[in-house]
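Please open the model in your viewer and keep the selection tool at hand. The stops below say what to pick and what is there.

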Amino acid sequence: MCPGAHGDVADLTGAHTKRRQIQNLARNGIPHTINAAGWPVVMWSAVDGSAKCPPEGDGGWSSNALRSAA
């Protein structure tokens, strides 16, 4: 395993270059961002299942006044 975060993403994707890691993450639908150096960054919660799901419903904005009245 490569040291550091690049090694973790390399283990996850099986790729060792920026371009191949980004391609693999996108192809598999794994949420990620690109840091200032151009390397993909993956949140642990994206792969370990600890990410919280958004609340059900329309997800739109609603007034606190309306919420308390309901």
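Start at Gly29, just after H2, where the backbone takes a positive phi of about 70 degrees. Helices here are DSSP runs of H or I with at least four residues, strands are runs of E with at least two, and both are numbered from the N terminus. This is a predicted model, in which local features need pLDDT of at least 70, side-chain atom pairs count only at pLDDT 80 or more, and totals for chains, interfaces and linings use all residues. Residues are numbered from 1 along each chain as its sequence is written, and side-chain values use heavy atoms, with hydrogens and water left out.

**Whole chain**

Zoom out and colour by pLDDT, the predictor's confidence in each residue, from 0 to 100. The chain has a mean pLDDT of 80, and 67% of its residues reach 70 or more. Confidence is highest in H2, at 95, and lowest in helix H4 (residues 64-69), at a mean of 64. Where pLDDT is low, the predicted coordinates should not be read in detail.

Switch to a cartoon view: the chain holds 4 helices and 2 strands, in the order α-α-β-β-α-α from the N terminus on. With a surface drawn, the accessible area comes to about 5500 Å², 58% of it belonging to carbon and sulfur atoms; such areas come from the Shrake-Rupley method with a 1.4 Å probe, and for residues only the protein chains shown count as cover. Of the 70 residues, 17% count as buried, where buried means under 20% relative accessible area, exposed over 50%, and partly exposed in between (1.4 Å probe, protein chains only). Contact means heavy atoms within 4.5 Å. Among contacts between residues at least 6 apart in sequence, 12% join residues at least 24 apart.

**Helix H2**

Which residues of H2 are buried? Select Gln21, Asn24 and Leu25 to see them. They lie on the same side of H2, because they cover an arc of only 100 degrees around the axis, taken from the directions from the helix axis to the C-beta atoms. Turn to the face away from this buried side, and Arg19, Ala26 and Arg27 appear as its exposed residues.

Now select Gln21 alone, in helix H2 (residues 18-27). Gln21 counts as buried because its relative accessibility is 1%. Beyond its neighbours within four places in sequence, Gln21 is in contact with His6, Val9, Ala10, Thr13, Ala15, His16, Trp39 and Pro40.

Move to Ile22, also found in helix H2. At 26% relative accessibility, Ile22 counts as partly exposed. With neighbours within four places in sequence left aside, its contacts are His32, Ile34, Gly38 and Pro40. Draw a C-alpha to C-alpha distance from Ile22 to Gly38: they are 9.6 Å apart in space and 16 residues apart in sequence.

**The loop between the strands**

Next, select Ala37, in the loop between strand S1 (33-34) and strand S2 (40-41). Its relative accessibility of 46% makes Ala37 partly exposed. Ala37 and Lys18 are 19 residues apart in sequence, with 9.7 Å from C-alpha to C-alpha.

**Helix H3 and the surface patch**

Go on to Ala46 in helix H3. Ala46 is partly exposed, at 34% relative accessible area. From Ala46 to Ile30 the C-alpha to C-alpha distance is 6.9 Å, across 16 residues of sequence.

Then pick Trp44, in helix H3 (residues 44-48). Is this residue, Trp44, buried or exposed? Trp44 is exposed, with a relative accessible area of 61%.

Add Leu12 and Val47 to the selection: with Trp44 they form a nonpolar surface patch of about 320 Å² of accessible area together. Patches are made of residues with over 30% relative accessible area and no salt bridge (a side-chain nitrogen of Lys or Arg within 4 Å of a carboxyl oxygen of Asp or Glu). Like charges are joined within 9 Å, and nonpolar side chains (Val, Leu, Ile, Met, Phe, Trp, Tyr) within 5 Å.
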